[in-house]
Amino acid sequence: NHVGEMIFVSGTSGTGKSALIQKGFGDPAANSGYIFASGKFEDKLLSPLSAFSDAMTCLAKYIAVEHNKKGGLSSGGSSIATLIR
């Protein structure tokens with residue numbers, strides 16, 4: 001029983017890393033009821049944590065949407081994603 005796991009993938013741009021990870025981990029995780037959040041590192045941003053920030057924004061948006069479906073948020077949820085970014 002895992003609480004959470006983090007996998008880092010590196011390589012040359014354009015080699016299909018994101019597609020491989022989404023197919024290999026994202027789709028199966030979603031089908032099993034898990035949350036899968038991913039982020040891409042953008043070297044143009046000059047921010048070493050941009051991939052982590054991107055993944056946390058993805059996670060916050062997912063939580064906001066799910067919470068909204070249950071009637072929990074009245075203003076959408078973009079404020080949660082903005083706080084993490």
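These are numbered remarks on a predicted model of an 85-residue protein.

1. Overall content. The secondary structure consists of three helices and zero strands. Read from the N terminus, the order of elements is α-α-α.

2. Burial and surface. Of the 85 residues in the protein, 13% count as buried. The exposed area is about 6900 Å², and 59% of that is supplied by carbon and sulfur atoms.

3. Contacts along the chain. Taking contacts with a separation of 6 or more, residues 24 or more positions apart account for 21% of them.

4. Helix α1, length. α1 covers residues 17-31. Its 15 residues should span 21 Å at 1.5 Å a residue, and the end C-alpha atoms are 21 Å apart, so the expected span and the model agree.

5. Helix α1, bend. The agreement in span should be read together with a kink of about 35° in α1, which is centred on Lys23. Anyone fitting a single axis to α1 should note the kink at Lys23.

6. Helix α1, burial and what follows. Ile21, Gly26 and Ala29 are the buried residues of α1. After the helix comes Gly33, which has a positive phi, near 90°.

7. Nonpolar surface patch. Met6, Phe8, Leu49 and Phe52 make up a nonpolar patch on the surface. Together these four residues have about 500 Å² of accessible area. One of them, Leu49, sits in the loop between α1 (17-31) and α2 (50-69). Leu49 counts as exposed because its relative accessibility is 56%, and the cut-off for that class is over 50%.

8. Salt bridge. How many salt bridges does a search of the whole structure find? The search returns one. The pair is Lys69 with Glu66, and the closest N and O atoms are 3.1 Å apart. That distance falls within the 4 Å limit for a salt bridge.

9. Setting of the salt bridge. Both Lys69 and Glu66 belong to helix α2, where they are three residues apart, about one turn of the helix. An α-helix has 3.6 residues a turn, so residues three or four places apart point the same way.

10. Accessibility of the pair. Are Lys69 and Glu66 buried or exposed? Lys69 is exposed, since its relative accessible area is 62%. Glu66, at 25% relative accessibility, counts as partly exposed, because that class lies between the 20% limit for buried and the 50% limit for exposed.

Conventions. Residues are numbered from 1 along each chain as its sequence is written. This is a predicted model: local features need pLDDT of at least 70, side-chain atom pairs count only at pLDDT 80 or more; totals for chains, interfaces and linings use all residues. Side-chain values use heavy atoms; hydrogens and water are left out. Patches are made of residues with over 30% relative accessible area and no salt bridge: like charges are joined within 9 Å, nonpolar side chains (Val, Leu, Ile, Met, Phe, Trp, Tyr) within 5 Å. Accessible areas come from the Shrake-Rupley method with a 1.4 Å probe; for residues, only the protein chains shown count as cover. A salt bridge is a side-chain nitrogen of Lys or Arg within 4 Å of a carboxyl oxygen of Asp or Glu. Helices (H or I, at least four residues) and strands (E, at least two) are DSSP runs, numbered from the N terminus. Buried means under 20% relative accessible area, exposed over 50%, partly exposed in between (1.4 Å probe, protein chains only). Contact means heavy atoms within 4.5 Å. The expected span of a helix is 1.5 Å times one less than its number of residues. The bend at a residue is the angle between axes fitted to the seven residues ending there and the seven starting there.
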